[in-house]
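Reader: I'd like a close look at one part of this protein, explained the way you would at the bench. Here is what I'm looking at.

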Amino acid sequence: MFIHRLDEEAWLKLLTVEDAERLFALVDSCRPHLRKWLPWVDSTKTVEDSKAFIAGGLQKFAAGNGFEAGIWHKGQLAGVIGLHYIDRANKKTSIGYWLGEQFQGLGLMTKACKACIDYAFNELKLHRLEIRCAVENERSRAIPERLGFTNEGTIREAEWLYDHFVDHVIYGMLEREWKR
């Protein structure tokens with residue numbers, strides 16, 4: 001099973017069906033916070049929805065096409081990070097992530113992203129990573145900015161978020177830039 005220690009109190013672990021109740025409880029505990037930026041919150045209505053998400057992530061991992069990992073802090077599920085579809089022809093992927101509101105400000109996401117970047121460049125031998133964030137989502141944007149990603153521009157009206165479109169900033173990093 002995929003487990004990666006981030007520090008003494010935090011680790012990444014591939015999500016499994018056994019984590020579905022914890023995942024659903026975390027989403028349910030901070031719906032207004034998550035809903036502001038994530039389009040799937042309203043459709044996550046039951047533990048079965050979380051099980052379906054996890055099953056999809058496990059299929060993706062088994063196919064060598066990315067993963068969904070839980071971010072754990074002091075034994076509690078704090079959030080999720082994953083690599084989306086891996087474009088092998090172009091040696092690239094993107095990173096997606098979210099944290100429960102009570103776990104923000106602890107440095108967890110920066111550490112989790114560093115681990116995913118290392119994995120993508122060193123293990124998967126990819127050339128390019130992307131992170132896309134809503135223009136107004138300052139906390140999510142701070143992660144790629146802190147890690148040295150390049151702001152490559154804005155994609156207008158890139159995502160339908162319940163009742164309106166949001167623009168996305170696209171951040172990119174090349175393998176040679178991470179090694180610097």
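Which residues does E152 touch, not counting residues up to four places away in sequence? Please walk me through its surroundings too.

Author: E152 touches R128, I170, Y171 and G172, once residues up to four places away in sequence are left out; contact here means heavy atoms within 4.5 Å. Before going further, bear in mind that this is a predicted model, where local features need pLDDT of at least 70 and side-chain atom pairs count only at pLDDT 80 or more, while totals for chains, interfaces and linings use all residues. Residues are numbered from 1 along each chain as its sequence is written, and side-chain values use heavy atoms, with hydrogens and water left out.

As for confidence, pLDDT is the predictor's own score for each residue, from 0 to 100. The protein averages 95, with 99% of its residues at 70 or more. Strand 8 (residues 164-174) has the highest mean, 98, and strand 1 (residues 3-5) the lowest, 88.

Back to your residue. E152 sits in strand 7 (residues 150-161); strands are DSSP runs of E with at least two residues, helices are runs of H or I with at least four, and both are numbered from the N terminus. E152 counts as partly exposed because its relative accessibility is 40%. On that scale, buried is under 20% relative accessible area, exposed is over 50%, and partly exposed lies in between (1.4 Å probe, protein chains only). For a sense of distance, the C-alpha atoms of E152 and Q76 are 35 Å apart, with those positions 76 residues apart along the chain.

Now the strand partners. Strand 7 pairs with strand 8 in the antiparallel sense over eight bridges, and DSSP has to find at least two bridges before two strands count as paired. One of the facing pairs is L161 opposite H164 in strand 8. The two strands form a hairpin with two residues between them, and there Y162 takes a positive phi near 70°.

Strand 8 also runs antiparallel to strand 6 (128-134), joined by seven bridges. In that pairing, C133 has V169 of strand 8 as its bridge partner. Strand 8 is mostly covered, with eight of its 11 residues buried.

That brings us to the interior. The largest nonpolar core has 51 residues, and those with the most contacts inside it are L12, I81, I95, Y97 and M109. A core of this kind is a set of buried Ala, Val, Leu, Ile, Met, Phe, Trp, Tyr and Cys residues joined through side-chain atoms within 4.5 Å. Strand 6 and strand 8 are among the elements that give two or more residues to this core, and helix 4 supplies the largest share, nine residues. Take I95 as an example: its contacts, not counting residues up to four places away in sequence, include I81, C113, L129 and I131.

L12 leads on to strand 2 (residues 10-14), where five of five residues are buried. Both faces of strand 2 are covered, with A10, L12 and L14 on one side and W11 and K13 on the other. Strand 2 runs antiparallel to strand 3 (residues 67-73) over five bridges, and W72 of strand 3 is the bridge partner of W11.
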